[in-house]
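Hello,

I am handing over the structure we talked about, with the notes I made on it. Please have a look at the sequence and the 3D view first, and then read on.

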Amino acid sequence: MNTAPVITALCLVNYEGSSRIFSRLPDGPGAALELGCGDGRNLTALARKGYTLNGVDMVDSTVHSRELNPWLQGMNFQQTDILTYTPEFESYDVLICSEVLHFFTKDELQKVMPKIISAVKPGGYVFLDLLSDLTRFFQATGEPFIWDKEAGLSIQDSEAFFDAWLSDFDIFECNHFFDKQSWPLSDAKSLPIDPYTWQGTYVSLCARKRK
């Protein structure tokens, strides 16, 4: 993978790691977009640096955050599917898509990535990751299973994928981060699927679009 030497660890799925990366961004003003914004944690960090916030997600997990977190109260949120959403062309200084891309099939990734690439301004930054070598198994039996809809990429596949799509970007940081979690995270009833454990390695990167 064509990268410059790694200066700090990059791990968007780890809040401490993402905070270190955000600290290296220039201060705003500027516009930030997060695809799959969750509870707005990443956007809060960007708001502290002076960026205006735009978030997209299928589920409005920021509904309470926008009321309670003063940094998110001016956020522009759209509840929609990333596959049908088209961001404005070259409108964002920072674009984040973290813990999301592995939920798409390979064909769907080919539809999502052009939107990401075109939305970033020349000189702007992208923070992306792909959960790779992903495996799941039921906790009770140890039986492995896969979702019908997922990318199913290896670490090498993910690196090649980013290299191919980010040809107009300078990738200046790339890191691998192994993660393992159990689902559900708490006791719950009427689950749609039996409790399971997943594990995989995030291929995470930061890149800047050439001017």
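To follow the element names below, you need one definition: helices (H or I, at least four residues) and strands (E, at least two) are DSSP runs, numbered from the N terminus. In that scheme, Pro 184 sits in the loop between S7 and S8. Please also keep in mind that this is a predicted model.

Pro 184 is a good place to start. Its peptide bond with Trp 183 is cis, with an omega of about 0 degrees. Gly 28 and Pro 29 are joined by a cis peptide bond too, with omega at about 15 degrees. Pro 29 belongs to the loop between helix H1 (15–23) and S1. These spots caught my eye because most peptide bonds are trans, and most residues other than glycine have a negative phi.

On the phi side, Glu 90 is not a glycine, yet its phi is positive, at about 45 degrees. You will find Glu 90 in the loop between strand S3 (76–79) and S4, where it is partly exposed at 30% relative accessible area. Asp 133, also not a glycine, has a positive phi of about 50 degrees. Asp 133 lies in strand S5 and is partly exposed, with 40% relative accessibility.

Asp 133 leads on to Gln 199 in strand S8. Beyond its neighbours within four places in sequence, Gln 199 contacts Asp 133, Leu 134, Thr 135, Phe 178, Asp 179 and Lys 180. The C-alpha atoms of Gln 199 and Arg 136 are 6.6 Å apart, although 63 residues separate the two along the chain. Gln 199 itself is partly exposed, at 24% relative accessible area.

Now to the interior. The largest nonpolar core has 34 residues, and those touching the most other members are Leu 35, Leu 101, Ile 116, Leu 128, Phe 162 and Leu 166. Helix H4 (106–119) and strand S5 (120–138) are among the elements that each supply at least two residues, and H4 gives the largest share, six residues. Another core, of 18 residues, lies apart from this one and includes Ala 32, Leu 46, Phe 77 and Cys 206.

Which aromatic residues form a cluster through ring pairs? They are Phe 138, Phe 145, Trp 147, Trp 183 and Tyr 196. Phe 145 and Trp 147 meet edge-to-face, 5.6 Å centre to centre with 80 degrees between the planes. Phe 145 is buried at 14% relative accessible area, whereas Trp 147 is partly exposed at 29%. Phe 145 also pairs edge-to-face with Tyr 196, at 5.2 Å and 90 degrees. Since Phe 145 lies in strand S6 (residues 144–145) and Tyr 196 in strand S8, this pair ties together parts that are 51 residues apart in sequence. Tyr 196 is buried, with 8% relative accessibility.

Finally, what is the nearest side chain of opposite charge to the buried Asp 57? It is Arg 66, 9.7 Å away, and Asp 57 has no salt bridge. Asp 57 is part of strand S2 (residues 51–57). Its side chain does reach the backbone nitrogen of Cys 37 at 3.2 Å, and a polar atom of that side chain lies 3.4 Å from the backbone nitrogen of Val 59. Residues that Asp 57 touches include Gly 36, Phe 77 and Thr 80.

Happy exploring, and best wishes!

Methods. Residues are numbered from 1 along each chain as its sequence is written. This is a predicted model: local features need pLDDT of at least 70, side-chain atom pairs count only at pLDDT 80 or more; totals for chains, interfaces and linings use all residues. Side-chain values use heavy atoms; hydrogens and water are left out. A nonpolar core is a set of buried Ala, Val, Leu, Ile, Met, Phe, Trp, Tyr and Cys residues joined through side-chain atoms within 4.5 Å. Buried means under 20% relative accessible area, exposed over 50%, partly exposed in between (1.4 Å probe, protein chains only). Lys and Arg count as positive and Asp and Glu as negative; His and the chain ends are not counted. A salt bridge is a side-chain nitrogen of Lys or Arg within 4 Å of a carboxyl oxygen of Asp or Glu. A polar contact is a pair of N or O atoms within 3.5 Å; within protein, one must be able to donate a hydrogen and the other to accept it, and residues adjacent in sequence count only if both atoms are side-chain atoms. Contact means heavy atoms within 4.5 Å. Rings of Phe, Tyr and Trp (its six-membered ring) pair if their centres lie within 6.5 Å; planes under 30 degrees apart count as stacked, over 60 as edge-to-face and the rest as tilted.
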